[in-house]
Amino acid sequence: MPEIFYVATLLVCFHGECTQFESAPYAKNASADHCQHMLVHTFQTQVGPYYDAIIDFEKDNPEDVKITYAGCDTTQRRPDTDNDWKITPNVNPDLLIPHQNDLRWQQEQGEQI
């Protein structure tokens with residue numbers, strides 16, 4: 001019997017533009033507590049940093065960000081082949097301002113030097 005894998009999935013909308021965030025695939029423990037832990041981890045490591053980069057805290061309100069779906073779903077993705085997080089933004093990436101505190105931005109800059 002093949003092993004079943006899960007991902008924690010959050011669908012978050014900001015001013016009508018929705019983005020889906022997924023955790024890395026994980027197996028076995030699909031309890032409600034583990035799902036909640038994975039959703040919190042996904043929010044803290046992906047959703048928060050993603051929106052910190054695009055939210056204007058001077059003019060945007062907390063009500064502008066809506067979590068329209070949160071749950072742990074089965075997936076065909078496997079951790080040995082798909083261990084990168086899946087982030088599918090619906091915004092123009094050219095409009096995002098890179099932050100020097102962002103590790104990915106620092107790594108990309110190191111590759112360009």
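What is the handedness of the link of Cys13 and Cys18, judged about the S-S bond? In this predicted model, the link of Cys13 and Cys18 is right-handed, with 100° about the S-S bond.

**The two disulfides**

A disulfide is a covalent bond between the sulfur atoms of two cysteines. The structure holds 2 disulfides, and, when the bonded cysteines are counted along the chain, they follow the pattern 1-2, 3-4. The table below sets out both links.

| Disulfide | S to S distance | Angle about the S-S bond | Hand |
|---|---|---|---|
| Cys13 and Cys18 | 1.9 Å | 100° | right-handed |
| Cys35 and Cys72 | 2.0 Å | 100° | right-handed |

In the link that joins Cys35 to Cys72, Cys35 belongs to helix H1 while Cys72 belongs to strand E4, which covers residues 65–75, so this pair ties together parts that are 37 residues apart in sequence.

The cysteines can also be described by how much of their surface is accessible. Cys13 has a relative accessibility of 10% and therefore counts as buried, because the cut-off for buried is under 20% relative accessible area. Its partner Cys18 is partly exposed, with a relative accessible area of 22%. In the other link, Cys35 has a relative accessible area of 14% and is buried, whereas Cys72, at 21% relative accessibility, counts as partly exposed.

**The nonpolar core**

Which residues have the most contacts inside the largest nonpolar core? That core has 14 residues, and those with the most contacts inside it are Leu10, Val12, Phe21, Leu39, Val47 and Tyr51. Strand E1, which spans residues 5–14, and helix H1, which spans residues 32–54, each supply at least two residues of this core. Of the contributors, H1 gives the most, with 6 residues. Helix H1 thus has a part in two of the features described here, for it supplies residues to the core and also holds Cys35, one of the cysteines of the second link in the table.

**A residue in the loop after E1**

Where is His15 found? His15 sits in the loop between E1 and strand E2, the latter made up of residues 17–22. The backbone of His15 deserves a separate remark, as its phi is near 55°, a positive value in a residue other than glycine. For comparison, most residues other than glycine have a negative phi.

Notes
Residues numbered from 1 in each chain as written. Predicted model: local features only at pLDDT ≥ 70, side-chain atom pairs only at ≥ 80, totals over all residues. Heavy atoms only, no water. Core = buried A, V, L, I, M, F, W, Y, C linked by side-chain atoms within 4.5 Å. Buried < 20%, exposed > 50% of the residue type's maximum accessible area, 1.4 Å probe, protein only. Helix = DSSP H or I, 4+ residues; strand = E, 2+ residues; numbered from the N terminus. Disulfide = S-S within 2.5 Å.
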